[in-house]
Amino acid sequence: MTDNRERRLRALADLIRAEPMSSQEELTERLRTLGHQLTQATVSRDLEQLGAVKVKREGTLRYVLPDQIGARDWAGVNLERIIRDWVLEVEPAGPLVVLRTPPGTAHLVAATIDQAQMFEIAGTVAGDDTIFLAIRDGNPIADVIRRFEGLMGRGRTDRIV
């Protein structure tokens with residue numbers, strides 16, 4: 001890695017740690033004011049190299065570095081992606097909700113749900129390709145299913161629960 005790139009990465013990390021930065025354009029401008037000649041595409045690659053992700057804190061989206069992320073933040077960032085990519089089906093089963101995943105992936109999805117600390121989920125039990133969600137009292141099963149279908153990118157209106 002060149003000295004220039006190392007200095008730029010260090011400056012980028014310092015900016016992210018020092019103040020809320022919510023866009024790559026904002027970061028690009030701040031780095032330019034510090035004397036770095038770069039494009040937004042370069043900042044995008046640098047953010048990926050640093051492992052920076054966007055999280056919602058104090059009501060605003062901002063970039064954070066891996067050492068600034070708590071388990072709940074990390075799960076929140078990844079929850080939608082994990083659900084969209086790995087949950088194939090969601091259905092009610094009495095007081096439970098059942099999620100179906102490809103073989104061998106249920107534990108990954110369940111761990112992400114547990115870490116996200118979703119208020120309506122009391123806990124998960126994962127098998128190889130099936131997850132049982134225990135729903136907290138007072139949370140309608142239909143609402144939980146709609147939330148997961150939304151995370152899956154499949155907001156269905158034809159299901160009656």
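**Note on the helices and the sheet of a predicted model**

1. On the other side of helix α2 from its buried residues, Glu25 and Thr33 are exposed. The structure discussed here is a predicted model, and the points below take its helices before its sheet.

2. Helix α2 spans residues 24-33, and within this helix Gln24, Leu27, Thr28 and Leu31 are buried. Viewed down the axis of α2, these buried residues fall within an arc of 100 degrees, so they line one face of the helix. The student may wish to locate Glu25 and Thr33 again, since these exposed residues belong to the other side of α2.

3. Against which elements do the buried residues of α2 pack? Their partners are α1, α3 and β2, the last of these covering residues 60-64. Just after α2 comes Gly35, whose phi is positive, at about 100 degrees.

4. The packing of α2 with α3 can be described in some detail. The two axes come within 9 Å and cross at roughly 105 degrees. An angle from 65 to 115 degrees counts as roughly perpendicular, and α2 and α3 are therefore roughly perpendicular to each other. On the α2 side the contact involves Gln24, Glu25, Leu27, Thr28 and Leu31, which meet Gln40, Val43, Ser44 and Leu47 of α3. By character, the residues of this contact divide into four nonpolar, four polar and one charged.

5. Helix α3 (residues 40-50) also meets helix α1 (residues 3-18): their axes come within 10 Å and cross at roughly 75 degrees. This crossing angle makes α1 roughly perpendicular to α3. From α1, the residues in contact are Arg5, Arg8, Leu9, Leu12, Ala13 and Ile16, while α3 contributes Thr42, Asp46, Leu47, Gln49 and Leu50. Here the division is six nonpolar, two polar and three charged. Leu47 of α3 appears in the contact with α1 and also in the contact with α2.

6. The sheet is the next subject. In what order do its four strands lie? The order is β3-β4-β6-β5, in an open sheet with antiparallel pairing. Strands β3 (89-93) and β5 (121-126) are the edge strands, each pairing on one side only. From one strand to the next, the twist averages 25 degrees.

7. At one edge, β3 and β4 are antiparallel and pair over five bridges. Within this pairing, Pro92 stands opposite Val97 of β4. The two strands form a hairpin with two residues between them, and Gly94 in this hairpin has a positive phi near 65 degrees.

8. At the other edge, β5 is joined by five bridges to strand β6 (residues 130-135), and these strands run antiparallel. One of the residues to examine is Gly123, whose bridge partner in β6 is Ala134.

9. Two helices pack on the sheet. Helix α5 (residues 106-116) touches β4 (96-100), β5 and β6, and its direction makes about 165 degrees with that of β5. Helix α6 (residues 141-151) touches β3, β4, β5 and β6, and its direction makes about 175 degrees with that of β3.

10. A final point concerns the loop between α5 and β5, where Gln117 lies. What is the phi of Gln117? The angle is near 50 degrees, a positive value in a residue other than glycine. Readers may set this beside the two glycines already mentioned, Gly35 with a positive phi of about 100 degrees and Gly94 with one near 65 degrees.

Methods. Residues numbered from 1 in each chain as written. Predicted model: local features only at pLDDT ≥ 70, side-chain atom pairs only at ≥ 80, totals over all residues. Heavy atoms only, no water. Axes fitted to C-alpha atoms, helices over the stretch in contact; angles between N-to-C directions. Parallel < 35°, antiparallel > 145°, perpendicular 65-115°, else oblique. Contact = heavy atoms within 4.5 Å. Nonpolar A, V, L, I, M, F, W, Y, C, P; charged D, E, K, R; others polar. Pairing = 2+ DSSP bridges. Buried < 20%, exposed > 50% of the residue type's maximum accessible area, 1.4 Å probe, protein only. Arc of directions from axis to C-beta.
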